[in-house]
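Colleague: Could you take me slowly through one part of this model, namely its enclosed spaces, and then show me how the neighbouring topics of an open pocket and a buried strand fit into the description?

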Amino acid sequence: MDEVIYDAIVIGGGPGGSTTATYLARAGKRVLLLEKEKFPRFHIGESLLPYTQSLFEEMGVLPALEVAGFPRKLGAQFHLGNGTKSVKFIFKNGCYTRDTQTFQVERAKFDHILLQHAAKCGAEVREGWTVNTFTNTPGQVTVQADSTDGKSETFRGKFLIDATGRDNLTGNKEKTREIYPNHKKLAVFGHFEDVKLDDGGPGGDTVIIRLANKWFWIIPVSQTKTSVGIVMERGEFANSKESPAEQFNRVWQSSRVLRDRLTNAKLVSEILVTSDFSYFNKRLVGPRLMRIGDAAGFLDPIFSSGVFLAMYSGKLAANVVIKAVKANSDGTAAMARYEKTVFRALKVYWDLVEGFYTRPFLEVFFEPRNKWNLPDAVVALLAGELEGGWKIRWRMRVFYWLIKLQGRRPFLPRISFVDTSTPITEVNKRLVNKA
């Protein structure tokens, strides 16, 4: 029996891996996807960007997602924790934004739908398979993997796609991982019921609450369940003598906006902690190898770019493989262009992330002025517009120039994080009953 040589082997069945496998399978390519876990499985990162919508349509998975009944996301809100400032972005109001709505998702269910869809499209999907090693030889790549039932196999393919997320399999083995300096953070989070959300369409918004040196997210992920989390300095968390649940409760009680939304909330999961925020790989490609999604780079989740970047890079990687297989080439030149494109996309969102932790950025961000359509350019990026061209780029250059000016010679009001309202003094036992 002849040995199977796949057109591509994809490691990882999250949104990036499923997207790559779907595009390849729909193009008639032979693709193997190896996922170490059995789906559905819990995962954080529940807010999507509107530009995932076009990808869903191209992949043919949109009908299944609509049937799933996920909340609709039409915009995003940003608030100071003391309630003194807020700004709300509605995607359909941005003149440069092509896709104007998407879903908020419970990732266990969402990721499972994407993985099942990849299999329906013709990808060979194997769950419960852990890849241990990979090697590059002339004309192909080889991976060795073990299954949860004790089997061990070697697989060969023309290309390897690393979609292992923050496990960063190939990047760690090749020692290409770089941590962003001065950005060592973690998240403490859980799922809740009875969180106070806005009425109507805004009830599906991502809500971000900015405190002095940390921030909270509020993301509705089903008709009854809301994801709530805090991103904070890893050092502050480690130096505290409190449990994660105690830190979580103490901090939300210090904010007027959070008290208004969480006072009656009930915890329906554990309080969890995840770290290793914000890194990138110095190289995103190797011989017949491409890294996509979080295996290319992981950014602070403040602007919810993770799933979109995973799917965006997954589509790009699939296109490289499709063209290389057709031309019977190793794809080196196309992979170099892929790397440049993905690095550029990561930088767009990293610039926003870095800015968000500075006061001048916030002072400009919370005071949008409709001059030269600058807010529309920001809204477009928040929606996922990475191919808007010069009309977006020059406006963002002006936006960052105004931030720099605000830091040197302020022209907008200074912000304050001080909350003078009376905080809650007794911990709400319902929030820690399962912690």
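Modeller: This is a predicted model, and I will start with the second largest cavity, which holds about 50 Å³ of space. The elements that give two or more residues to its lining are α9, residues 306-327, and α10. Its lining is made up of Ile292, Gly293, Ala296, Leu309, Tyr312, Ser313, Val342, Ala345 and Leu346. When these residues are sorted by class, 7 are nonpolar and 2 are polar, while no charged residues appear.

The search of the whole structure finds 2 cavities of 30 Å³ or more, and the largest cavity contains about 80 Å³ of space. Among the residues that line the largest cavity are Leu49, Lys73, Phe78, Phe91, Ile208, Phe303 and Leu382. At least two lining residues come from each of β5, residues 75-80, and β15, residues 206-210. The lining of the largest cavity divides into 8 nonpolar, 2 polar and 1 charged residues.

From the cavities we can turn to a pocket, and helix α10 makes the link. The second largest pocket has a volume of about 570 Å³, and two or more of its lining residues come from each of α10, residues 332-356, and α13, residues 390-408. The largest share of this pocket's lining, 6 residues, belongs to α10. In total 18 residues line the pocket, and those nearest its centre are Arg344, Val348, Leu381, Arg393 and Met396. By class, the lining of the second largest pocket has 8 nonpolar, 3 polar and 7 charged residues.

The last part to look at is strand β14, residues 185-193, which is largely enclosed by the rest of the structure because 8 of its 9 residues are buried, where buried means under 20% relative accessible area. Strand β14 pairs with β17, residues 225-233, in the antiparallel sense over 9 bridges, and within this pairing Gly190 stands opposite Val228 of β17. A second antiparallel pairing joins β14 to β19, residues 272-274, over 3 bridges, and there Ala187 has Thr274 as its bridge partner. Strand β14 is also paired in the antiparallel sense with β18, residues 266-267, over 2 bridges, where the bridge partner of Phe192 is Leu267.

Definitions and conventions:
Residues numbered from 1 in each chain as written. Predicted model: local features only at pLDDT ≥ 70, side-chain atom pairs only at ≥ 80, totals over all residues. Heavy atoms only, no water. 1 Å grid on protein atoms, 1.4 Å probe; cavity = no way out; pocket = protein on both sides within 12 Å on 5 of 7 lines; lining within 4 Å. Points joined across faces, edges and corners; volume = space filled by probe spheres on them. Helix = DSSP H or I, 4+ residues; strand = E, 2+ residues; numbered from the N terminus. Nonpolar A, V, L, I, M, F, W, Y, C, P; charged D, E, K, R; others polar. Buried < 20%, exposed > 50% of the residue type's maximum accessible area, 1.4 Å probe, protein only. Pairing = 2+ DSSP bridges.
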